[in-house]
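Let's take a walk through this one together, beginning with the sheet and ending with the charged pairs. Have the sequence and the 3D view ready.

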Amino acid sequence: MSDLLSPSELSNVQPSFVLDARGKLCPEPIKMTSKKIKELGHGEVMEVLADDEASLNDFPSWAKVTGQGYLGHLEDDALETKNPHAGVVRRFFVRQAKGK
């Protein structure tokens, strides 16, 4: 499920929860997201901070396979990366589309 928002729309999203997956390599950011999103109510948005390059492909694919909502991502140069090989932290936004 994909509900892509523009960068300006994403910057105004107020997530219910922020998950810090910086420094984690694939598949850990997705595993962490899969576990935490089950705790959110239908329609709630979670922001995931990730600096693993694979996350760019992983989050849209994960949302499609699981039926969760992928709203998009923003790159944030102001956030410190915890991965020595990463250049930037990305803020991924996912919506609980299945409900609990």
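In which sense do S3 and S4 pair, and over how many bridges? They pair in the antiparallel sense, over 7 bridges. For a concrete spot to look at, take Asp-76, whose bridge partner in S4 is Val-89. Keep in mind as you turn things around that this is a predicted model.

Now zoom out to the whole sheet. It is an open one of 4 strands, ordered S1-S2-S4-S3, and the pairing is mixed. S1 and S3 are the edge strands with a single partner each, so each has one side without a neighbour in the sheet. Going from one strand to the next, the twist averages 20°. Helix H3 packs on this sheet and touches S2, S3 and S4. Compare its direction with that of S4 and you get an angle of about 0°.

Before the charges, make a quick stop after S1. The peptide bond from Cys-26 to Pro-27 is cis, with omega near 10°. That's worth a second look, because most peptide bonds are trans. Pro-27 itself sits in the loop between S1 and helix H2 (28-37).

On to the salt bridges, of which the structure holds 9. Side chains of opposite charge can pair when their charged atoms come close. A good place to begin is Arg-90, which forms a salt bridge with Glu-75, with 3.4 Å between the closest N and O atoms. This pair links Arg-90 in strand S4 to Glu-75 in strand S3, 15 residues apart. Arg-90 also forms a salt bridge with Glu-53, where the closest N and O atoms are 3.5 Å apart. Here the link runs from strand S4 to the loop between strand S2 (45-50) and helix H3 (55-66), with the two residues 37 apart in the chain. Is Arg-90 buried or exposed? It counts as buried, at 5% relative accessibility. Glu-53, on the other hand, is partly exposed, with a relative accessible area of 48%.

The other pair to find is Asp-20 with Lys-82, again a salt bridge, with the closest N and O atoms 3.5 Å apart. Asp-20 lies in strand S1 (residues 17-20) and Lys-82 in the loop between strand S3 (69-76) and strand S4 (89-95), so this contact ties together parts that are 62 residues apart in sequence. Asp-20 is partly exposed, its relative accessible area being 31%. Arg-22 comes in here too: salt bridges with shared partners join Asp-20, Arg-22 and Lys-82 into one network.

Conventions: Residues are numbered from 1 along each chain as its sequence is written. This is a predicted model: local features need pLDDT of at least 70, side-chain atom pairs count only at pLDDT 80 or more; totals for chains, interfaces and linings use all residues. Side-chain values use heavy atoms; hydrogens and water are left out. A salt bridge is a side-chain nitrogen of Lys or Arg within 4 Å of a carboxyl oxygen of Asp or Glu. Buried means under 20% relative accessible area, exposed over 50%, partly exposed in between (1.4 Å probe, protein chains only). Two strands pair if DSSP finds at least two bridges between them. Axes are lines fitted to C-alpha atoms, for helices over the stretch in contact, and angles run from 0 to 180 degrees between N-to-C directions. Contact means heavy atoms within 4.5 Å.
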